[in-house]
Amino acid sequence: MENHGNSDPIKQDSPEGLPSLIQVISSNGVSGFDSIEGRSDQFLGPSVQETARGSNSKLVHAVSISMPSSPREADTPNAKRVLFANNDEPASGDGNPDSTPSGHPKRTTFYSQPMPRRSGENPPRHPRVHALKDKRFDSFKTWSGKLERQLSNLRGKPRPTSPEDGSSTTPTAPERNLPVDRFFDALEGPELDTLRASEEIVLPDDKQWPFLLRFPISSFGICLGVSSQAIMWKALATSESTNFLHVSTIINTVLWSISLALVAIVFLIYLLKVIFYFEAVRREYYHPIRVNFFFAPWIALLFLSMGVPPSVTSKLHHALWYVLMAPIFCLELKIYGQWMSGGQRRLSKVANPSNHLSIVGNFVGALLGATMGLKEGPIFFFAVGLAHYTVLFVTLYQRLPTNETLPKELHPVFFLFVAAPSVASMAWAKIQGSFDYGSRIAYFIALFLYFSLAVRVNFFRGFRFSLAWWAYTFPMTGAAIATVRYSNEVTNVVTQSLSVALSATATLTVFALLVTTILHAFVLRDLFPNDIAIAISERRPKSHHSHRKWFHLRHGSSDTRDIENYLKFATSEGKDIEASNSVDAPSPDGNNPNVQA
Amino acid sequence: MESLQIPHQPPMAMRPVLVDASQLASGVQPHHCRNRPNHQQTASPIRQLKPSILTRLHAGYFRISLSFASQALLLKMLTQPAAGNSSSNPPPLGHFLRSDGPFRSISLLFFWLLALVAQVLLSALYTLRCCFHFQLVKAEFFHHVGVNYLFAPWISWLVLLLSVPTAISEIKAPYLALWWAFAIPVVLLDVKIYGQWFTTEKRFLSMVANPTSLISVIGNLVGSRAASRVGWKESAVCLFSLGMAHYLVLFVTLYQRLSGGDRLPAMLRPVFFLFFAAPSMASLAWNSISGTFDTGSKMLFFLSLFLFASLACRPALFKKSMRKFNVAWWAYSFPLTFLALASAEYAQEVKGTMASVLMLVLSALSFLVFLGLMLLTVLNTHRILREDDPILRFDKDRSRN
């Protein structure tokens, strides 16, 4: 059976014996095994789980097979996919021929299926399996794992001999530009991180991924939350209107040091992720919600600069501001430009509350710049932020039907609505020199939004905790700081008690979040779950993509459609194999023969 | 001149623009004589019109005269002291021009006259088009892109008025009369078009919004600046608020891109430059209303600078439209000039090096683009004047547009 220009340069990573083992497993009707390595070829091997579902017998035999990309590959025993039903491939090993129905090419499924059982069943091969499984993440590694290999080669670590090092075909580059529609189709939830039932991911779900892969960019939310607390305590300690509280500056110093350490740690970890798992970072960039968190590191640095204790330094160099705003400026050019001219990433389609993070950076930069004494730069960023904030605000308020990302129920992400007006009010006050009417208007808007969310706190239940929740605390802290500044201007009992109340609320929220985080980190140990959102497949599993080489095989017929419905991990290929097996329908492009080949 | 009827006459194409203009002028008479019988034969169906200058010249051609006029305004602003400021405030480029006053004013006068000639010519041709091919003008009016360019002639006239080489205070009466003559059509068009945005179902804003809608906003803002230059603050504020209110709505709508960008053909991508032309003009208008380049003007100027940077970073957006020269390329010129104008006023207010450098860079850029476009037009006169505009064709069946 000829491959149809198999576009998958499958990494020849798997050790020799593995395929046969896997075949044995699959012959038991176990759901497809994944032998994929890198998704670089887009089609990670496995297969069809249908077998497990007990659908018709054909399905049972479906075993993941991958078409060999070349005869050479077919011969190589470690061809991952291996198993060609009709192939008298020696490598395929034993179980294969039995399991596969006669003469029907098993489809090459290209999605790696989660292998719940499989992992436990390879104890004798464990080291190899382990090595094999490591390869599965290669597609997410920088340069598909070559960097790691280089580094380990440099370190002199003996590598398991894998023929692929020398002889593998160059992996096809993974699809660079994952269209935003894929994310909306495959994921759901207010943070777009829950996989829909019909979708599947390209990395194994059963095992814990490498830590770096599980470390999302939304972890920078912790930095945001803690550093804004430092600023709040600094404001409480140094403002005249809150002098009656006698807050000492020690709290600010302690919190600032903690946030400094946190920022450094998170930066370092994410830097490692960028170095070693660049593809994963790229996918996070294409995620419509996570892209906004790329502003978070720089905002956190801006917060650090603003919250610096007076004991450390009281005057910051202007160059620091330019250095910190440069990345924000570049990111903005990209993101706002996409809103304006991007076909699939236009605002009406991707607008979601997390977009506030991309707007707030402008106001925070303006605030810092004005505090430092700069004149034109803060106005620049304030103007840009204000213009785009208007657009975003209107769009989100419209709740356009084309916009799918707004959660129907309330979620902590809604607190981000409060962030922009409160920071904008403070920035305008600093630019103008006093808390004038413009600042007050913005401040009252922020206060209104805050209260309208706070009274609905009951509706914030029932959501899975995620690290991104830290990012949603900084608006509350920001509102508290704005209230403190406002009470400086208008000092009376109401404003002072309001500032105390809001600060207390913010502190309590952060504390509760800290407790929850520790709980999840050490007790439940699921602080960093597998990051499903970045591992979605590039193609819908059920759809028929005619441009896929193997596609002529698939041709969903009606009888397979109900089968599809039962299958959770069904891939179109798998079903189509059955379909083509059963109905032998002519393929759309009339290329049937290869199937049989 | 039979040759005018025949497209692709190489000798014609070689002549420089001015000569062509005179040739056009001379060629118009026999031209329309020829057209008249055509017009009578094909009174109702639009399709069978014999292609001629008049059928091809749609309102988008006024981009050319607008660019000329705005360059004249830029020249005036750079070389002459600002009207409202004290005479001690030197013009931004004053110290660059070693020669004394007369040279400056002569060059400015020459340029202004050139712009005036271009505008008069185009206006005359367009008037003839209205006379003889009124169906085409109506077709333009009903087209979602063409209707916005109906503002363009009036904007050019207003900019010409603003850039008049003499001090405005000396010619107050005729200036005011002319201002009325040009502002009233703008307001009438406003009433019609803005009203349609939220009342006429077939022409709701969400359906017709496209970047050329910003031209209506620019029209209001130019009228506002022209009014405040002569001291009429109330009309200035009135037009300014009208323009800004609709600018806000348009800004949000265009950013949302509800209909997915299928409203604008790819060849018209140069009109994306209008995105930053509107806030630049708003900044200029607010500057002349409030007297100084205060925070509001600065914010608008910075916004336009940011949008310009954002577009400049995306050359791929314009690739498709840059394959063949067409009159839409003139849409690159006047927004750049407006931005340069705003930067000049900004530099006058904030007398720093960065601001002056920015002003010089932007002015040079706008002038270079203008020169380049002039050159390309001269080299491609046959395409502009004798071939049909590939993008906006109103002499064909309307459904094709």
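This is a short tour of selections to make in the open structure, from one chain to a helix pair to aromatic rings.

The model is predicted.

**Stop 1: chain B**

Select chain B. The chain has 17 helices and zero strands. Colour by burial next: of its 401 residues, 57% are buried. Now turn to contacts in chain B with a separation of 6 or more. Residues 24 or more positions apart account for 80% of these.

**Stop 2: a helix pair in chain A**

Two packed helices are described by the angle between their axes and the distance between the axes. Select helix α11 (residues 220-238) of chain A and helix α22 (residues 493-523) of chain A. They pack at an angle of about 150 degrees, and their axes are 11 Å apart. Angles over 145 degrees count as roughly antiparallel, so α11(A) is roughly antiparallel to α22(A). The crossing of α11(A) past α22(A) is left-handed.

Show side chains at the contact. From α11(A), pick A:Q229, A:M232, A:W233 and A:L236. From α22(A), pick A:S503, A:A506, A:T507 and A:V510. Which classes of residue make up this contact of α11(A) with α22(A)? Five are nonpolar, three are polar and none is charged.

**Stop 3: an aromatic pair in chain A**

Over all chains, the count comes to 61 aromatic pairs. Select A:Y285 and A:F294, which form one of them. The geometry is edge-to-face, with 5.6 Å centre to centre and 85 degrees between the planes. Is A:F294 buried or exposed? A:F294 has a relative accessible area of 14%. The cut-off for buried is under 20%, so A:F294 is buried.

**Stop 4: an aromatic pair between chains**

Move to A:Y336 and B:F306. This aromatic pair is edge-to-face too, at 5.9 Å centre to centre and 65 degrees between the planes. The pair crosses between chains. A:Y336 sits in helix α15 (residues 318-341) of chain A. B:F306 sits in helix α14 (residues 295-312) of chain B. Check burial for each residue. A:Y336 is buried, with a relative accessible area of 0%. B:F306 is buried as well, at 1%.

**Stop 5: the cluster around that pair**

Keep A:Y336 and B:F306 selected, and add the other members of their aromatic cluster. In chain A, add A:W321, A:Y322, A:F329, A:W339, A:F380 and A:F381. In chain B, add B:F293, B:F301, B:F302 and B:Y346. Together with A:Y336 and B:F306, these residues form one aromatic cluster.

Technical notes. Residues numbered from 1 in each chain as written. Chains lettered and ligands numbered in written order. Predicted model: local features only at pLDDT ≥ 70, side-chain atom pairs only at ≥ 80, totals over all residues. Heavy atoms only, no water. Axes fitted to C-alpha atoms, helices over the stretch in contact; angles between N-to-C directions. Helix = DSSP H or I, 4+ residues; strand = E, 2+ residues; numbered from the N terminus. Parallel < 35°, antiparallel > 145°, perpendicular 65-115°, else oblique. Left-handed = near helix turned anticlockwise from the far one by under 90°. Contact = heavy atoms within 4.5 Å. Nonpolar A, V, L, I, M, F, W, Y, C, P; charged D, E, K, R; others polar. Phe/Tyr/Trp six-rings, centres within 6.5 Å; stacked < 30°, edge-to-face > 60°. Buried < 20%, exposed > 50% of the residue type's maximum accessible area, 1.4 Å probe, protein only.
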